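Here is a short report for a reader new to this structure. Take a look at the chain before reading on.

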Amino acid sequence: MTDPTVIHLRRGRTSLVLDARGPGLPRVVHWGADLGPVPADDLPALVGATVPPVVPSSFDAPTVLSLLPEASAGWSGRPGLAGHRASRDWSTSFHLDAIDVDDPRGDVGDAVRVAHEEDDRGGVGAARVSVRATDPGVGLTLTVEITLDPVGVLTVRHRLRNDADQPYEVRELTPVLPVPAVATELLDLTGRWCRERAPQRHPWPLGAWVREGRHGRTGHDATLLLVAGTTGFGFGHGEVWAVHTAWSGDHVTAAERRPTGESTLGGGELLAPGEIVLGPGDEYATPLLYAAHSSTGLDGLSEVLHTHLRARPQHPRTPRPVTLNVWEAVYFDHDLDRLRALADRAAEVGVERFVLDDGWFTGRRHDRAGLGDWQVDADVWPTGLGPLVDHVHGHGMQFGLWVEPEMVNPDSDLFRAHPDWVLTAPGRLPLPWRHQQVLDLTNPAAYAHLLDRLDALLTGYPGIDYLKWDHNRDLTEAGHAGRPGVHTQTLAAYRLFDELRARHPHLEIESCSSGGARVDLEILRRTDRVWASDCNDALERLSIQRWTGLLLPPELIGTHIGPGRSHTTGRVHDLGFRAVTALFGHHGIEWDIGAISTAERAELAAWVALHKRLRPLLHTGRVVRLDHPDPAVQAHGVVARDRSRAVYAVSRLATSVAQTPGPVRLPGLDPARRYAVRPAEGVPEPATLQITAPGWLPAVTLAGAVLAAVGLHLPALHPEQALLLEVDAVD
């Protein structure tokens, strides 16, 4: 007879097998490729076949990696739980109390619970497992919550409760998942301000590769995904496993390979000493660890994650409005007439949302004063923002406003009145950063004041449709009442977002944090897009957007056309290159379009119109990225879910060693269908090296299999130019 505590869940193209037969915590037997409908009678054999052998000079019984790695079970790697109670109760040995499975599509028999895949991606419901275990000797209860959603995204969360009479300090509680030995390489992302999401890749050695973020926010250098994969994996090939730590404060993401043979990926909150001390009956919950698997490379990971995000109830359902942000047009120089004229030009080129950036509130003539004083500056706006809001709405555009609620300038009325309302180390202020400190949201009075000011602003100006919510400094020495405060500050920020959205359900919010320093799936439960970077240089943005898109679908990533000369790099680009780069996202403009020529406005309007025409495809289709052999060529695209059409961009980053870089393949199409390929219509063609006639690419109609395997020889572009291809099925 088979064992009733072997659990096999299947969703999307993913299987999860749990062995819950022993007295200790369950172990993950398999997480990865779909195993198919494994017969119930075969599951015990599967479990038995994956138990590691006993080896010489080791423990007398097999050691297995459970849902929480414990030294008491023979684990000598990074601990799943680190903590103590007055230097005691520092090692745990949890015993399984109960395991509950909620599997709407599973067949529940006498022996085993199995979820059958029906190859649908609708809202069928996720499979959930809840594991409860206790260690009476140390007075702790652990609950592990596991969810496998309909498309195959796995989430894991630990909850730890203190059952004893004395406090228990949690130093680390980190969910981990095993990865098979075939994963031999690691890929993660790093970066800095204006250079976010830079990939780094290397063989996976023995030991731990640990990424810690100590910024008090997600961080410019945060790895959106930590990926382990088979040798040589790419965008379109290889088997890969990835995790994401969904937390907007200090966090850790780690890959570990032990000499004993185990490999793990995991992530959780990075806790400061004394930050989490559980009193009797108190509980601590980890951030969600998101995990995804793909047998078809990085694009397969993105497809699973993008589909998951698009299925969320709060995911934006309306077309993402083309946005003009005025920062690089006017900076702090706010003048009603100039801004109204800028709104007129915006309407002419097809803008749908007009955003007034920094400089509208009391005392804000530069970045050294005013933060915290969230009243409209009567000297600059003697009749308030109403005339501009009404003018913008008169053009049929939405109105947005920049705020930075969590920060305060020492040169502000708020700070002068309440210097105790900031996060501090005992006896001193943290080092200044951009002339600002952090408002302590865990202080009830400070939180109430800020919520009231934001609520009054949105109530007084009901025409505000959108907030560009910035967060321009790290939380260094962020203390509350003498104790570390990043954890409670992060939770308070989430409450602030939630309460404001509850009071103003129509409001959309962008997560901006010096650009891309607060990009994670927990902040995106409360916001409608992210600002990927403060850098609008199209060449830099190609890489930033490419790797931000590893986790997020295009409609959640703000991608704007900047000015001809980049504000942050000084580099100069043609409008066509800037426009193609900005096309694949939540489109917008960050440019003084009131000062450009009539011809430039006409070309800009054509690019905006093209984006609107392609927007239904760009914001619902499958993202594909090409593994081109020439590093000077970058190509990517979006393919409709039914594979009836696609759009691809091919960009030249630099000159190539070879005279021509070789054919560009077009992945993602239906191999059996025929497609017509043509340059994008309605916009200027790029200047290239080898144009011999206006029709530089003749009409091409080929099968999807041919376009994916052979590709097309395209004109050799000058560096920092791009071309756009539209592809439509013809049968």
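How many helices and strands does the secondary structure of the protein chain come to? The count is 12 helices and 40 strands. The model is a predicted one.

## Overall shape

The protein chain has 731 residues. A compact globule with that many residues would have a radius of gyration near 27 Å. The protein chain has 27 Å, so the value agrees with the globule rule.

The C-alpha trace can also be described along its principal axes. There the protein chain spans about 80 × 70 × 45 Å.

## Inside and surface

Of the 731 residues, 60% count as buried. Contacts often link distant parts of the sequence: among those with a separation of 6 or more, 71% join residues 24 or more positions apart.

The exposed area of the protein chain is about 26,900 Å². Carbon and sulfur atoms supply 54% of that area. The protein chain carries 70 positive and 92 negative charges. The mean positions of these two sets are 3 Å apart.

## Cysteines

A disulfide is a covalent bond between the sulfur atoms of two cysteines. How many disulfides does the count come to? The count is zero. Cysteine 194 is in no disulfide, and its nearest cysteine sulfur belongs to cysteine 535, 4.9 Å away. A disulfide needs the two sulfur atoms within 2.5 Å. Cysteine 512 is in no disulfide either. Its nearest cysteine sulfur is that of cysteine 194, 11 Å away.

Are cysteine 194 and cysteine 512 buried or exposed? Cysteine 194 has 9% relative accessibility, so it counts as buried. Cysteine 512 is buried too, because its relative accessible area is 1%. The cut-off for buried is under 20%.

## Two loop residues with positive phi

Most residues other than glycine have a negative phi. Alanine 86 has a positive one, near 55 degrees. Where is alanine 86 placed? Alanine 86 sits in the loop between strand 4 (81–84) and strand 5 (95–102). Its relative accessibility is 67%, so alanine 86 counts as exposed. Exposed means over 50%.

Arginine 643 also has a positive phi, near 60 degrees. Arginine 643 lies in the loop between strand 36 (633–639) and strand 37 (645–652). With a relative accessible area of 34%, arginine 643 is partly exposed.

Notes. Residues are numbered from 1 along each chain as its sequence is written. This is a predicted model: local features need pLDDT of at least 70, side-chain atom pairs count only at pLDDT 80 or more; totals for chains, interfaces and linings use all residues. Side-chain values use heavy atoms; hydrogens and water are left out. Helices (H or I, at least four residues) and strands (E, at least two) are DSSP runs, numbered from the N terminus. The radius of gyration is taken over C-alpha atoms; the globule rule is 2.2 Å times the number of residues to the power 0.38. Buried means under 20% relative accessible area, exposed over 50%, partly exposed in between (1.4 Å probe, protein chains only). Contact means heavy atoms within 4.5 Å. Accessible areas come from the Shrake-Rupley method with a 1.4 Å probe; for residues, only the protein chains shown count as cover. Lys and Arg count as positive and Asp and Glu as negative; His and the chain ends are not counted. The place of a charge is taken as NZ of Lys, CZ of Arg, CG of Asp or CD of Glu.
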